[in-house]
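User: I would like to work through this model one residue and one element at a time, with the reasoning spelled out. Please start from a single position and then widen the view.

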Amino acid sequence: MIANYENFEKDLIFNDSPDFKNLVNFDSNLSKPYHRWYKFKEGFASKLVERILYDCEVETGAEVIDCFCGSGTSVLTCQQNQINSTGVEINPFLRFLSYVKTRHYFEPEEIKSSIEKILEGKNGNSCIPPNLDTFKLGFSKSRFKALLKYKGKILGNGFSEDSRNILLLGLGAILEDASKLRKDGKALRIVENKKRVHLKKLFSQKLNQIYGDISNFPHDPDFVPEIYEKSSIDLSFLKRDKYKLALFSPPYLNTFDYLEVYKMELWMLDFISSHSQRNELREKTVRSHISVPLDLVNLYENKFLDFIVENLKEKGTWDSRIPTLIKCYFEDMYQVIDGIYKILENDGHCVIVVGNSSYANIPIPTDSILAKIGKDVGFDIKEIKIARHTRRSSQQYPQAKKNGMRYLRESIVILKK
Ligand SMILES: C[S@@+](CC[C@H](N)C(=O)[O-])C[C@H]1O[C@@H](n2cnc3c(N)ncnc32)[C@H](O)[C@@H]1O
């Protein structure tokens, strides 16, 4: 079994890169202006973006794209380093988050007075509650009512678009802390005895943090990124040969559904108002989770992948759809990487931050499979930097298991056109 893995990876260059270990998570962003507005657990560090910009010699005048823009770490960091950039993101709340973080606000004083208006005085009229049971579970009736009154006041006050966006983002950013829930891996879970926070204080702190960043660290209006709410599986809407660097972290192959984990924000801010609308959106996401139809077109053939999938079928997985899911994931990623190749300029880099997975103790080396997909569409594979190993093997484990564990890693795949 392991011989197949070794054979598949024999022509790849792996470099242990412990200096990247703390750059493949969002933690360090939480103390940084703009980045800190919303705690996004699945992001990478702005320092990682700076490091890649430097390594790939991206300078002012060049164009960068992040086609899984998420909370906007790449586009925001590019902007802060005077680099033009473009983001593509399918989740409308996350696209909104990236958008609001990266605008240049021409009238911060107007935003300040809108914030004061919201926080002072009487509550506004309430608005129609989103039709999602999670809110009943996650909030007391009075807290939910208070949130809806804030929302009603934001929408009913005739604020400018900039102010309205800031206020709505502020409201979205406090939902988790204001609730009895916690984002826990792939789900929202009730936290028994969660400390109850004072809603107005929470909202006020968040809005003042946002206003503070806008007034103290205004963005350069010349480097405001374009952010599309679209699927990266088809990037043909973007100009060919334009970008010097594509830097992105796709959903990992770990059955994490971003529309599920971020549902409070999506429904509260009216990005989703029905389950059918949610389902339509889900179908456009990269198939990294099982809540979507898994129809294969067999666009991408890879014998090593077939070998893994056959083994999984034989061994059995916690859900029988997992082997097909894996094929679908790489089929989607094949289309993404092919699209990226077309929009990069010659000599441009494609840098992919990704974590590997394991099902039924069978490792899926997503990093090396994505690197090989890169090669298949025309890229040169430069190297795979191993930022960290995600599981340590213990003395107790049998050798076979230990062998498999070396494939469980979080990596940075570097391709060049
Ligand atoms: C790992 S996160 C990216 C995080 C980002 N690097 C950051 O620092 O915030 C992956 C993102 O891919 C998005 N996504 C999933 N399917 C997509 C698709 N088909 N097109 C564009 N974005 C997609 C998810 O909504 C999620 O925001």
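**From one strand residue to the sheet and its surroundings**

User: In which strand is Ala387 found?
Analyst: This is a predicted model, in which local features need a pLDDT of at least 70 and side-chain atom pairs count only at pLDDT 80 or more, while totals for chains, interfaces and linings use all residues. Residues are numbered from 1 along each chain as its sequence is written. Helices (H or I, at least four residues) and strands (E, at least two) are DSSP runs numbered from the N terminus, and on that basis Ala387 is found in β11.

User: Is Ala387 buried or exposed?
Analyst: A residue is buried if 20 or more other C-beta atoms, placed from the backbone, lie within 10 Å of its own, exposed if 12 or fewer do, and partly exposed in between. Since Ala387 has 24 other C-beta atoms within 10 Å, this residue is buried.

User: Leaving aside neighbours within four places in sequence, with which residues is Ala387 in contact?
Analyst: Two residues are in contact if their C-beta atoms, placed from the backbone, lie within 7 Å. With the neighbours within four places in sequence left aside, the contacts of Ala387 are Ser17, Phe20, Lys21, Leu23, Val24, Glu410, Ser411 and Ile412.

User: How many bridges join β11 to β12?
Analyst: Two strands pair if DSSP finds at least two bridges between them. β11 pairs with β1 in the parallel sense over 3 bridges, and Asp16 stands opposite Ile386 in that pairing with β11. Between β11 and β12, Ile384 has Val413 as its bridge partner, and these two antiparallel strands are joined by a number of bridges that comes to 8.

User: Which strands stand at the edges of the sheet?
Analyst: The open sheet has 8 strands with mixed pairing, in the order β1-β11-β12-β8-β7-β2-β3-β6. Two of these strands have a single partner each, so one side of each is left without a neighbour in the sheet, and they are β1 (14–16) and β6 (226–228).

User: What angle does the direction of helix α3 make with that of β3?
Analyst: From one strand to the next, the twist of the sheet averages 15°. Axes are lines fitted to C-alpha atoms, for helices over the stretch in contact, and angles run from 0 to 180 degrees between N-to-C directions. Helix α3 (residues 73–80) packs on the sheet, where it touches β2 (63–66), β3 (84–88), β6 and β7 (243–248), and the angle of its direction with that of β3 is about 170°.

User: How many of the residues of α3 are buried?
Analyst: What covers the buried residues of α3 includes α2, β2, β3, α4 (92–102), β6 and β7. The buried residues are Thr73, Ser74, Val75, Leu76, Thr77, Cys78, Gln79 and Gln80, and the helix is mostly covered, the count of buried residues being 8 of 8.

User: What is the phi of Gln82?
Analyst: Gln82 lies in the loop between α3 and β3, and because it has 12 C-beta neighbours inside 10 Å it counts as exposed. Most residues other than glycine have a negative phi. Gln82, a residue other than glycine, has a positive phi, near 55°.

User: Is Tyr34 buried or exposed?
Analyst: Tyr34 lies in the loop between β1 and α2 (46–55), and this residue, which is not a glycine, also has a positive phi, near 70°. With 23 other C-beta atoms within 10 Å, Tyr34 is buried.

User: Which residues come nearest to the ligand?
Analyst: A residue is near a molecule or strand if its C-beta atom, placed from the backbone, lies within 6 Å of it. Ala, Val, Leu, Ile, Met, Phe, Trp, Tyr, Cys and Pro count as nonpolar, Asp, Glu, Lys and Arg as charged, and the others, Gly among them, as polar; by these classes the shell around the ligand has 11 nonpolar, 9 polar and 3 charged residues. Of the 23 residues around the ligand, those that come nearest are Gly43, Phe68, Gly70, Ser71 and Thr73.
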